[in-house]
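Please open the structure in your viewer and keep the selection tool at hand. The stops below are meant to be taken in order, each one beginning with something to select.

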Amino acid sequence: MKPSMDRYVSTISLYREDSDSSPEGSATRSSSKSRSYKRISQLLNTFLEDKMVEFGRQVRQVQAGHRCTLKGLLRFVPGMRKSSKAKGYDHLITDEERRYAIIRGGSGWMTIPQGIPNCPPGLEYLTSIDQLLVHQKVELLEAFTGFETANKYTVKNTLGQKVYWAVEDTDCCTRNCCGPARPFDMKVLDFYQNEVLHFNRPLRCQSCCFPCCLQELEVSAPPGNVIGMVEQNWSIFTPQFSIKDTSGNTVLRIEGPFCTFSICGDVEFKVVTNDGNQVGKISKQWSGIAREMFTDADHFGINFPMDLDVRVKATLLGALFLIDYMFFEKKGNAEQDRPGML
């Protein structure tokens, strides 16, 4: 709801009535009035602060030649619902307003780094971190019935601050007919609900019996601009993947274990260079006996060098989701893991 002066006036009147009708002595009424006036002052300050932020945003949008809409202009005023029509105005928001929005309505989110050259929009977060935690949301319908629902993830940094949301975009028929092998589009959203990353997995086979039709995943940032690929390499005993850049060159490789079944411990996939030196890892973390047995909502961690290109970091994040679907996404909550790649 839009901040309204009527709401503040009604609240102020309520405080005045409470203080005037107090049955206590004069000293008590005086103390009550003092507290009431202090609260009134706080409410008025909040109201004026909201209005100043709104006015400043309107002025900048008019100066930039944008058409002003209330939903777009007030998207960061506390209590307002975010509007998809407001996309494209982020460059008009100052650092002070962004901090104000985070303090008032977005606590728990990582602050976006500023002034990063040659970086796709939305990937600035990845420039200042070398580790991500990915937690899949537990879907109660899927847990109790085995009916496949769209996967949802929260991506956090090591401090527990949210960096991205990730949401699977598939239809009901595809999820329940194809199971873990299903093709999908994965949308990765930032705090402002902008899609900053897009992962596309086509329908292919992952068995080593079909080496000409192995798994792959395309990474785009922003959507429509391909920045990398994840390709499965033919292997019989262990999972093998290649991380490729836009030119098709292999920049990193991923080597998995012989058995990916999680028994009270983490399952690690090594991230290595072309020379075989390990520079990171993707870990499927043990998340507790109940979650492991009755759901496929898993916890993952990913490590990579701090100075690694953000495009490669984003591609490694896409590899994490591909690994989740290939080895840890259960059909009907039934464990289907087996040694090797057969």
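Two strands are said to pair if DSSP finds at least two bridges between them. With that in mind, and remembering that this is a predicted model, select strand 3 (residues 162–169) and strand 4 (residues 184–189), which run antiparallel and are joined by 5 bridges. Within this pair, look for Val-167, which stands opposite Lys-187 in strand 4.

**The barrel**

Now widen the selection to the whole sheet, where 12 strands form a closed barrel in the order 1-2-3-4-5-6-7-8-9-10-11-12, with antiparallel pairing. On average, and with direction ignored, neighbouring strands of this sheet are turned by 20° against each other. As you follow any one strand, it helps to know that in a regular strand the side chains alternate between the two faces of the sheet.

**Strands 6, 7 and 8**

Select strand 6 (residues 216–220) next, together with strand 7, to which 5 bridges join it in an antiparallel arrangement. Here Leu-217 has Val-230 of strand 7 as its bridge partner, and Val-230 in turn is the bridge partner of Ile-243 in strand 8. Strand 7 and strand 8 (residues 240–244) pair in the antiparallel sense over 4 bridges. Of the 7 residues of strand 7 (residues 226–232), 5 are buried, so this strand is largely enclosed by the rest of the structure.

Stay with the hairpin of strand 6 and strand 7, which has 5 residues between the strands, and select Gly-224, where phi is positive and near 100°. Which kind of peptide bond joins Ala-221 and Pro-222? The bond is cis, with omega at about -10°, and Pro-222 lies in the loop between strand 6 and strand 7. Such a bond deserves a second look, because most peptide bonds are trans.

**Strands 10, 11 and 12**

Move on to strand 10 (residues 267–272) and strand 11, which pair in the antiparallel sense over 6 bridges, and find Val-272, whose bridge partner in strand 11 is Gln-278. The hairpin of these two strands has 5 residues between the strands, and in it Gly-276 takes a positive phi near 95°. On to strand 12 (residues 299–303), which pairs with strand 11 in the antiparallel sense over 5 bridges; there His-299 is the bridge partner of Gln-285.

While strand 11 (residues 278–285) is still selected, pick out Lys-284 within it. Is Lys-284 buried or exposed? With a relative accessible area of 1%, Lys-284 is buried, since buried means under 20% relative accessible area. Its C-alpha atom is separated by 9.9 Å from that of Phe-327, although the two residues are 43 residues apart along the chain.

**Helix 8**

Now select helix 8 (residues 310–328), whose 19 residues should span 27 Å at 1.5 Å a residue, and whose end C-alpha atoms are 26 Å apart, which agrees. Because 18 of the 19 residues of helix 8 are buried, the helix is largely enclosed by the rest of the structure. At the N-terminal end, Asp-309 acts as a cap, with a side-chain oxygen lying 3.1 Å from the backbone nitrogen of Arg-311.

**Aromatic rings**

The structure holds 11 aromatic pairs. One of them is formed by Phe-191 and Tyr-192, whose ring centres are 5.1 Å apart and whose planes meet at 65°, so the pair is edge-to-face. Phe-191 counts as buried at 7% relative accessibility, and Tyr-192 counts as buried at 5%. Extend the selection to Trp-109 and Trp-165, which ring pairs link with Phe-191 and Tyr-192 into a cluster.

**Cysteines and two backbone angles**

How many disulfides does a search of the whole structure find? It finds 0. The sulfur of Cys-172 is 7.3 Å from the closest cysteine sulfur, in Cys-173, which is too far for a bond, and the sulfur of Cys-178 is likewise too far from its closest cysteine sulfur, 6.3 Å away in Cys-177.

For the last stop, recall that most residues other than glycine have a negative phi. Asn-118 has a positive phi near 50°; Asn-118 lies in the loop between helix 4 (95–105) and strand 1 (131–136) and counts as exposed at 66% relative accessibility. Gln-193, with a positive phi near 70°, is placed in the loop between strand 4 and strand 5 (195–201) and is partly exposed, with a relative accessible area of 32%.

Notes. Residues numbered from 1 in each chain as written. Predicted model: local features only at pLDDT ≥ 70, side-chain atom pairs only at ≥ 80, totals over all residues. Heavy atoms only, no water. Expected span 1.5 Å × (residues − 1). Buried < 20%, exposed > 50% of the residue type's maximum accessible area, 1.4 Å probe, protein only. Polar contact = N/O pair within 3.5 Å; in protein donor to acceptor, adjacent residues only side chain to side chain. Phe/Tyr/Trp six-rings, centres within 6.5 Å; stacked < 30°, edge-to-face > 60°. Axes fitted to C-alpha atoms, helices over the stretch in contact; angles between N-to-C directions. Disulfide = S-S within 2.5 Å.
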